[in-house]
Amino acid sequence: MPMTVKARIWIGLSGGVDSSVAALLLKEAGYAVEGVHLRLWEAPGQASSLLAAEAVAQVLEIPLLVFDWRKSFRAEVVDAYLDALAQNLTPNPCVRCNRLIKWGRLLEMARANGAEYLASGHYARLIREGDGQVRLYKALDQAKDQSYFLAGLPQEALKAMRLPLAELNKVQVRQMAQEARLPTRKAVESEDLCFLAGQDQASFLREHAANLLNAGPITDRSGKLLGQHAGLALYTIGQRKGIGLVAPEPYYVLEKRAESNTLVVGWAGQLLKGAVLTGPVNWLVADPPEEQETVQVKIRSGARPALARCQILPSGDMIATLEKPLRDITAGQLLVLYRGDLCLGSAEIKAGLDQGTA
């Protein structure tokens with residue numbers, strides 16, 4: 001990305017290797033780079049993350065801005081996460097944080113302070129079309145692709161976005177960090193939610209939302225009592241581990257019934273659904289799929305793509321009818337649509353639908 005004039009760009013420095021190498025690449029490309037570190041949650045690792053970001057900024061000789069947004073993060077992301085759990089949803093707080101905090105409030109602040117672009121260490125590709133639209137594609141390293149987490153953003157955010165790691169894989173990023181002697185070159189990668197900070201879900205909820213840990217009955221679909229659960233918020237559709245029941249074959253979570261505080265379990269085959277009902281779609285393209293077009297859909301970030309055809313309902317909601325039934329369709333997660341590697345858009349999942357009811 002050669003530059004003839006130094007454009008100002010902000011990049012989020014989390015204290016990890018990905019954002020550090022992204023900042024290095026931007027500087028080498030000729031941008032006027034300014035690092036930004038967001039304090040989002042008071043946790044044992046937060047202080048070390050800030051120290052790492054400061055060390056990277058010093059090595060790269062770039063300024064570092066630090067914003068304490070713990071209060072807004074708690075209100076807009078963590079509290080929303082807990083509210084969703086209370087509604088028996090399984091939310092993805094990273095998607096919400098990207099939309100409201102990192103590519104919402106931070107982008108507004110970057111522009112207000114004269115920065116033309118905002119960058120991150122996400123693995124995904126952006127292609128700018130002649131009509132001014134930006135298309136979001138999967139990263140070349142499909143194992144690290146993070147386009148799923150960016151699929152809920154508006155076009156305006158994509159237009160201001162720069163993703164220096166788009167064409168790289170993790171091995172290359174580590175090698176670049178090593179060659180540049182970046183302080184984060186040996187940083188351990190964490191896949192936990194940042195606000196869990198190494199805690200398990202039960203410990204976090206005991207501290208922040210103990211009201212969600214009301215024990216209740218575990219039954220099968222016929223209503224037969226099988227045991228007791230420790231709080232519906234600790235379980236998600238399709239979960240097998242942690243149910244605590246002994247049986248000839250594994251039990252899986254089929255339903256969470258809030259009105260009776262009941263966890264319904266059954267066998268793997270009972271999880272299969274033929275379609276996905278979602279809310280309105282956040283389209284990222286000007287040519288969304290026609291009803292007869294088959295596209296790929298992902299029902300969660302780590303899921304394999306599945307083939308489906310999509311129908312927009314008069315309400316604005318969407319039904320994605322699957323070519324083959326899927327397990328683990330979970331309300332609150334994001335359904336992301338692809339045409340090959342091109343991300344078409346996303347919508348929040350409301351429910352899985354039985355075959356023949358779509």
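How far apart are the mean positions of the 40 positive and 38 negative charges of the chain? In this predicted model, the two mean positions lie 3 Å apart.

**Figure 1. Overall view of the predicted chain.** The secondary structure consists of 8 helices and 18 strands. Measuring along the principal axes, the C-alpha trace extends over about 70 × 50 × 35 Å. The radius of gyration is 22 Å, which agrees with the value near 21 Å for a compact globule of 358 residues. Buried residues make up 51% of the 358 in the chain. Among contacts with a separation of 6 or more, 65% are between residues 24 or more positions apart. Carbon and sulfur atoms contribute 50% of the accessible surface, which totals about 16900 Å².

**Figure 2. Close-up of Asn98 in helix H4.** Helix H4 covers residues 93-112 and contains Asn98. The relative accessible area of Asn98 is 3%, and because the cut-off for buried is under 20%, Asn98 counts as buried. Leaving aside residues up to four places away in sequence, Asn98 touches Trp103, Gly104, His122, Phe149, Leu150 and Leu153.

**Figure 3. Close-up of the aromatic pair Tyr31 and Tyr117.** The structure contains 11 aromatic pairs. One of them joins Tyr31 and Tyr117 in an edge-to-face arrangement, with 6.1 Å from centre to centre and 90 degrees between the planes. This pair connects distant parts of the chain, its two residues being 86 residues apart. Tyr31 sits in the loop between helix H1 (17-28) and strand E2 (32-39), and Tyr117 belongs to strand E4 (residues 117-119). Both Tyr31 and Tyr117 are buried.

**Figure 4. Close-up of the aromatic pair Trp41 and Phe73.** The rings of Trp41 and Phe73 are also paired edge-to-face, at 6.4 Å centre to centre and with 65 degrees between the planes. Here too the pair links distant parts of the chain, with the two positions 32 residues apart in numbering. Trp41 lies in the loop between E2 and helix H2 (44-60), whereas Phe73 is part of helix H3 (residues 70-86). Trp41 has a relative accessible area of 10% and is therefore buried. Phe73 is buried as well, at 1% relative accessibility. Trp41 and Phe73 belong to one aromatic cluster with Tyr81, Phe195 and Phe204.

**Figure 5. Close-up of Asp79 in helix H3.** Asp79 is found in helix H3. With a relative accessible area of 27%, Asp79 counts as partly exposed. Pro93 is 14 residues from Asp79 along the chain, and the C-alpha atoms of these two residues are separated by 10.0 Å.

**Figure 6. Close-up of Gly132 in the loop between strands E5 and E6.** Strand E5 spans 124-128 and strand E6 spans 134-138, with Gly132 in the loop between them. Is Gly132 buried or partly exposed? Its relative accessible area is 37%, so Gly132 is partly exposed. Gly132 and Leu82 are 50 residues apart in sequence, and their C-alpha atoms are 38 Å apart in space.

Technical notes:
Residues numbered from 1 in each chain as written. Predicted model: local features only at pLDDT ≥ 70, side-chain atom pairs only at ≥ 80, totals over all residues. Heavy atoms only, no water. Helix = DSSP H or I, 4+ residues; strand = E, 2+ residues; numbered from the N terminus. Rg over C-alpha atoms; globule rule 2.2 N^0.38 Å. Buried < 20%, exposed > 50% of the residue type's maximum accessible area, 1.4 Å probe, protein only. Contact = heavy atoms within 4.5 Å. Areas by Shrake-Rupley, 256 points an atom, 1.4 Å probe, with all protein chains shown as cover. Lys, Arg positive; Asp, Glu negative; His and termini not counted. Charge placed at Lys NZ, Arg CZ, Asp CG, Glu CD. Phe/Tyr/Trp six-rings, centres within 6.5 Å; stacked < 30°, edge-to-face > 60°.
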